[in-house]
Amino acid sequence: MLLPEGDQRDLWVVDGRLTDDPVGDAEPLPGRFALPGLVDAHAHSALGPSKQALGLGETIEALRARRDEGVLAVRDLGAPHSVTLRISPEPSLPRMQAAGRWVAPEGRFYPSFHEPVAADGLIEAALTEVAAGARWVKVIADWLPDELNYDAVLLGRLVEAVHAAGARVAAHTAETCVSEVVAAGVDSIEHGWLLSAADIDDLVARGGAYTPTLAALHAPLPDEAPPERVARRGRWQEAARAVIGAALNRGATILTGTDTAGTISDEIGYLVDYGLTPVQALRAATTDARAFLGLPALEAGAPADVVTFEADPREDPSVLAAPAAIVLGGVRLR
């Protein structure tokens, strides 16, 4: 059975691609349910479990670990020193679209993760990343309550320049000024737990996407976290339920992203808890994410990126943590 839609038909793998044409001596893959390779659309592969910066080799190993979970495509939205732009594509690694560095001004992001970018250097810094191979630019649009990191006019100019260079813009935004970020024309909103219905309509109208990163929103806070931080987290969680409901009602493209917490299996589980049906949550991790990133799914002629499972993940998303088989580019890795 081909998921997420539940089609019952056969596909074969020939020369690394899927085909409808039968192959008599083909080896059947184990597992009764097949999904396109899972997508982590908001990853930070170059950050370790304690949010420490990883070197090139360690980052590649982290990507291989994601691959072994069935994640066969990654949109990496921020890496110290743009290390992800130094990774050469290879058949054993997930297909990756990277943003390189985070773009944020002084004092408006984790200081150990990035080199500050002043307003007058924003567009140059972004285009430098694109010239180095970035498919996305990740702008930290807000950090403090009710205050943009870069003014709305400059954000609009950033979007225009990045689009003209052939890339797209993803924006970190978790505060009330999210509406100005959306209006600037960014391609995807990351976190965005305070989006309004009008914001979502604007995003939908231009084909944008929303990545709520719920696993990160539910990651344990440090024991020493101040009470105001704990209270703010609770407000964000409550607001996110309403935002996701509005996004569903308005036809928004919702993407799965782990940020720095949990797995795609965890994220799918949270999306179901927040109101998506299991099929909708699986789409967020497969067909919808792939379409947004320009990647094919389980269709004749597409690269054979397939993950299979013995049990039905529509009944229990936790089965996604144990793939029966993983095939990347037609090569069986498990």
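**Exercise 1. A strand, a helix and a strand**

Task: Work out which hand the β-α-β unit made by β11, helix α4 and β12 has.

Solution: Start with the pieces: β11, helix α4 (residues 178-183) and β12 together make a β-α-β unit, and the unit is right-handed. Keep in mind as you follow along that this is a predicted model.

Next, look at how the two strands of the unit are linked. β11 and strand β12 (residues 188-191) run parallel and are joined by four bridges. To find a spot where they meet, go to Ala170, which stands opposite Ser188 in β12.

**Exercise 2. The other side of β11**

Task: Find how many bridges join strand β8 to β11, and say how many residues of β11 are buried.

Solution: First, count the bridges. Strand β8 (residues 136-140) is parallel to β11, and five bridges hold the pair together. One place to see this is Trp136, whose bridge partner in β11 is Arg168.

Then turn to burial. Strand β11 covers residues 168-173, and five of its six residues are buried, so the strand is mostly covered.

**Exercise 3. Laying out the six-stranded sheet**

Task: Put the strands of the six-stranded open sheet in order, and name its edge strands.

Solution: Reading across the sheet, the order is β7-β8-β11-β12-β13-β14, and the pairing is parallel. The edges are β7 (102-103) and β14 (253-254), each of which pairs on one side only.

Now visit the β7 edge. Two bridges join β7 to β8, and these strands run parallel. Here Val103 is found opposite Val139 in β8.

**Exercise 4. The three-stranded sheet**

Task: Describe the order of the open sheet of three strands, and say how far its neighbouring strands are turned against each other.

Solution: The order is β4-β5-β6, again with parallel pairing. At the edges are β4 and β6 (95-98), each pairing on one side only. On average, and ignoring direction, neighbouring strands in this sheet are turned by 15° against each other.

For a closer look, take β4 and strand β5 (residues 71-76), which pair in the parallel sense over four bridges. Val39 has Ala73 as its bridge partner in β5.

**Exercise 5. Two helices that cross**

Task: Decide whether α8 and α9 are parallel, antiparallel, perpendicular or oblique to each other.

Solution: Begin with the geometry. Helix α8 (residues 264-273) and helix α9 (residues 278-285) pack with their axes 9 Å apart and at an angle of about 140°. An angle must be over 145 degrees to count as roughly antiparallel, and 65 to 115 degrees counts as roughly perpendicular. The two helices are therefore oblique to each other. Their crossing is right-handed.

Finally, see which residues meet. From α8 come Ile264, Ile268, Leu271 and Val272, and from α9 come Pro278, Ala281, Leu282, Ala284 and Ala285.

**Exercise 6. Pro278 and Gly70**

Task: For Pro278 and for Gly70, decide whether each is buried, partly exposed or exposed, and list the contacts of each beyond four places in sequence.

Solution: Pro278 sits in helix α9. Its relative accessibility is 28%, so Pro278 counts as partly exposed. Apart from neighbours within four places in sequence, Pro278 is in contact with Val272 and Arg314.

Gly70 belongs to the loop between α1 and β5. With 0% relative accessibility, Gly70 counts as buried. Its contacts, once neighbours within four places are set aside, are Gly37, Leu38, Val307, Pro323 and Ile326.

**Exercise 7. Backbone details**

Task: Locate Lys51 and His191, and say whether each is buried or partly exposed.

Solution: Lys51 is placed in the loop between β4 (38-43) and α1 (56-67). It is not a glycine, yet its phi is positive, about 60°. With a relative accessible area of 38%, Lys51 is partly exposed.

His191 is placed in strand β12. Its phi is near 80°, again a positive value in a residue other than glycine. His191 has a relative accessible area of 5%, so this residue is buried.

One more backbone detail is worth finding: the peptide bond from Leu3 to Pro4 is cis, with omega near 15°. Pro4 lies in the segment before β1 (12-14).

Terms used:
Residues numbered from 1 in each chain as written. Predicted model: local features only at pLDDT ≥ 70, side-chain atom pairs only at ≥ 80, totals over all residues. Heavy atoms only, no water. Buried < 20%, exposed > 50% of the residue type's maximum accessible area, 1.4 Å probe, protein only. Pairing = 2+ DSSP bridges. Right-handed = clockwise from strand over helix to strand, strands pointing away. Axes fitted to C-alpha atoms, helices over the stretch in contact; angles between N-to-C directions. Parallel < 35°, antiparallel > 145°, perpendicular 65-115°, else oblique. Left-handed = near helix turned anticlockwise from the far one by under 90°. Contact = heavy atoms within 4.5 Å.
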